[in-house]
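Here is a short set of exercises to work through with the model open in your viewer. Try each task yourself, then compare with the steps below it.

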Amino acid sequence: AGWRRGYSSAGAAEYLHRSIVPTMHYQKSLPRLPVPKLEDTITRYLNAQKPLLNDDQFRKTEELAHHFEKGIGRELHEQLVAQDNQNKHTSYITGPWFDMYLKAREPVVLNFNAFMSFNPDPKSEYNDQLIRATNMTVSAIRFMKTFRAGLLEPEVFHLNPEKSDTEIFKKIIRFVPSSLSWFGAYMVNAYPLDMSQYFRLFNSTRLPKLNRDELYTDEKAKHLLVQRNGNFYVFDVLDRDGNMLKPSEIQAHLKYILSDNSPAPAFPLGYLSSENRDTWALLRKNLLDNGNEEALQKVDSAVFCLSLDDFPIKDFVHLSHTMLHGDGANRWYDKSFNLIITKDGTAGINFEHSWGDGVAVLRFQNEVFKDSTKAPAISPQSQPASVDSSRAVQKLDFKLNDALKAGITKAKQKFDASVEALSLNLIQFHEGGKELLKKKKVSPDAVAQLAFQMAFFRQYNQTVATYESCSTAAFKHGRTETIRPASIHTKKCSEAFVRELSKHSTEELQKLIVECSKYHGRLTKEAAMGQGFDRHLFGLRYLALSKGIALPDFYQDQAYARLNHNIISTSTLVSPAVQLGGFGPVVSDGFGVGYQVHDDWIGCNVSSYPTRNGKEYLQCIYKSLEDIFNVLKGKKIGS
């Protein structure tokens, strides 16, 4: 269907595809995120507290919770519901959640930004840095143009793709008005997802401001920001009419940047975006007052940031370090995302988290990977256009006074120290995966989470607050909800496997695993339906603070603080485009666990700081997975 892709006069495809169902067709009729019943929230909260507390502590927490439920909690809940009913265009979590991210003062790098790295191009000669940078840039611009033209396929979760992911269904549903379209999809077991975050993928950045940052988007800007060796370059990738520059010209400009031998700047500006947000806000004000307004405007409004690194990737650990933080000079952590491509053509995305969640970024990555590998704009034989790149490409020049130079030096020292303290470790478990687990009728995600609990129990002899993120994008302006994988079931199972193996038959151990799987499945379903407890309690607390009400005793409970000090923070995604993903620990004594359960293997990427041993934790995860799989296979296991 080449003719359907919309070719410009230059003959290059301007769009990824042309969806017959408009991109935002379902947005109007998406169901609203429910505010759970207060009593359900309190029950779920206490269930999550149970494995973390001894009997005395639990009794105290239970008393505070019931007191809250009958008193101030009830009042706050009623106010939240009333407020939610008056704001039907959005969800009750949207405002508070943006606020939570934007008011945070910690540096975004390591604390909030996450990364996902692309699989290599199946055709190895396409993994050349210049070829891949050109093809991915073109595919990213095609994505942006397709999305803005309303031609991007709507994001839909198909429970029964044979029925709903079909041409005939699309041809019918596009004539159903937007206000009803969701119900039409629901009838065939398809769940359209919220796409309100997508516009912030492009021309967007997070601006540092005192106390609360701002999200900034300028859709009129037509240039790309490219970083190499700590230097910043810009060139237009769209013409006045919004047509994309010819791929051969983009290739020529990128080749020019890759062959520029300007020295690295003595004071690389990139480090500023890794600073504490208030510190950075003041330095930014100084930058603006010092004649850098135009240059900063170019950085902030650029379509996206392409970071070209001058070294190849050694191994998966090196890959993770490069994509999660890199060297600090060749990144702009505030941009909605940085597309990073190293010397050997390894590619990844580092994204800022306040504007959106993994689902939107993953869709972008999937489309860019598919398009750049299946319909690449240029090939290894392509010649760059003979254009004068020295005129088209502008190297940004920043005027720095002594205060700014000192600020950059200090930012670099802090950045280097943070990175120095961070450990990243990985394992791949090849003794089974999704296929075997489904055969044994247990949930693959539940097994991975059980292994994380069992491993921590083996290593530290305790059960701690654990976080697993779950998307609530099935609802209008949904963000995420927390699944609490540490339960009385995982605790009981961990104790059996780690402490009292000899007491249990293989059959009993199998029963314990199944019990964990059932419970985890229920928690996951609840979270995806907006029926967790974390966001609800967060919303009530936010409401109390915003109304100037004294913080209820319930929130001053040590146990509440401990539950929200997530020592094990986990997140998963599996996609044909993504090789691995990861993020930093969310607390200084925590682990950040990115994991993927594939058909026949399980991958795990763990970040930690010096107070925790991530390597040992991974060895314990491996042992736990081995034990669980052996028990499921009916084998006797030794301690």
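**Exercise 1.** Find the residue that stands opposite Tyr 233 in strand 11, then work out how strand 7 is placed.

*Solution.*
Step 1. Tyr 233 faces Lys 395 of strand 11. Before going on, note that the model is predicted, that local features need pLDDT of at least 70 and side-chain atom pairs pLDDT 80 or more, while totals for chains, interfaces and linings use all residues. Residues are numbered from 1 along each chain as its sequence is written, and side-chain values use heavy atoms, leaving out hydrogens and water.
Step 2. Strand 7 (residues 231-236) and strand 11 (residues 394-395) run antiparallel, joined by two bridges. Strands here are DSSP runs of E with at least two residues, helices are runs of H or I with at least four, and both are numbered from the N terminus; two strands pair if DSSP finds at least two bridges between them.
Step 3. Strand 6 (residues 223-228) is also antiparallel to strand 7, with six bridges, and Arg 228 has Asn 231 as its bridge partner.
Step 4. Two residues lie between strand 6 and strand 7 in their hairpin, where Asn 229 takes a positive phi near 55 degrees.
Step 5. Five of the six residues in strand 7 are buried (under 20% relative accessible area, 1.4 Å probe, protein chains only), so the strand is largely enclosed by the rest of the structure.

**Exercise 2.** In what order do the six strands of the open sheet lie, and which helices meet them?

*Solution.*
Step 1. The order is 12-18-17-15-13-14, with mixed pairing.
Step 2. Strand 12 (423-429) and strand 14 (480-483) are the edges, each pairing on one side only.
Step 3. From one strand to the next, the twist averages 25 degrees.
Step 4. At one edge, strand 13 (residues 466-471) pairs with strand 14 in the antiparallel sense over four bridges, and Ser 471 stands opposite Thr 480.
Step 5. Helix 20 (residues 534-546) touches strand 13 and strand 14, its direction making about 120 degrees with that of strand 14. Contact means heavy atoms within 4.5 Å; axes are lines fitted to C-alpha atoms, for helices over the stretch in contact, with angles from 0 to 180 degrees between N-to-C directions.
Step 6. Helix 23 (residues 614-632) lies across strands 12, 15, 17 and 18, at about 20 degrees to strand 12.

**Exercise 3.** Which residues have the most contacts inside the largest nonpolar core?

*Solution.*
Step 1. They are Phe 235 and Leu 306, in a core of 51 residues. Such a core is a set of buried Ala, Val, Leu, Ile, Met, Phe, Trp, Tyr and Cys residues joined through side-chain atoms within 4.5 Å.
Step 2. Helix 5 (residues 129-148) gives the most to this core, nine residues.
Step 3. Leaving aside neighbours within four places in sequence, Leu 306 has contacts including Ala 133, Leu 224 and Ile 341.
Step 4. A second, separate core of 40 residues includes Ile 427 and Phe 591.

**Exercise 4.** How many disulfides does the structure hold?

*Solution.*
Step 1. The count is zero, where a disulfide is a pair of cysteine sulfur atoms within 2.5 Å.
Step 2. For Cys 470, the nearest cysteine sulfur belongs to Cys 516, 19 Å away.
Step 3. For Cys 516, the nearest is that of Cys 493, at 4.3 Å.
Step 4. Cys 470 counts as buried at 10% relative accessibility, and Cys 516 counts as buried at 4%.

Definitions and conventions. Buried < 20%, exposed > 50% of the residue type's maximum accessible area, 1.4 Å probe, protein only.
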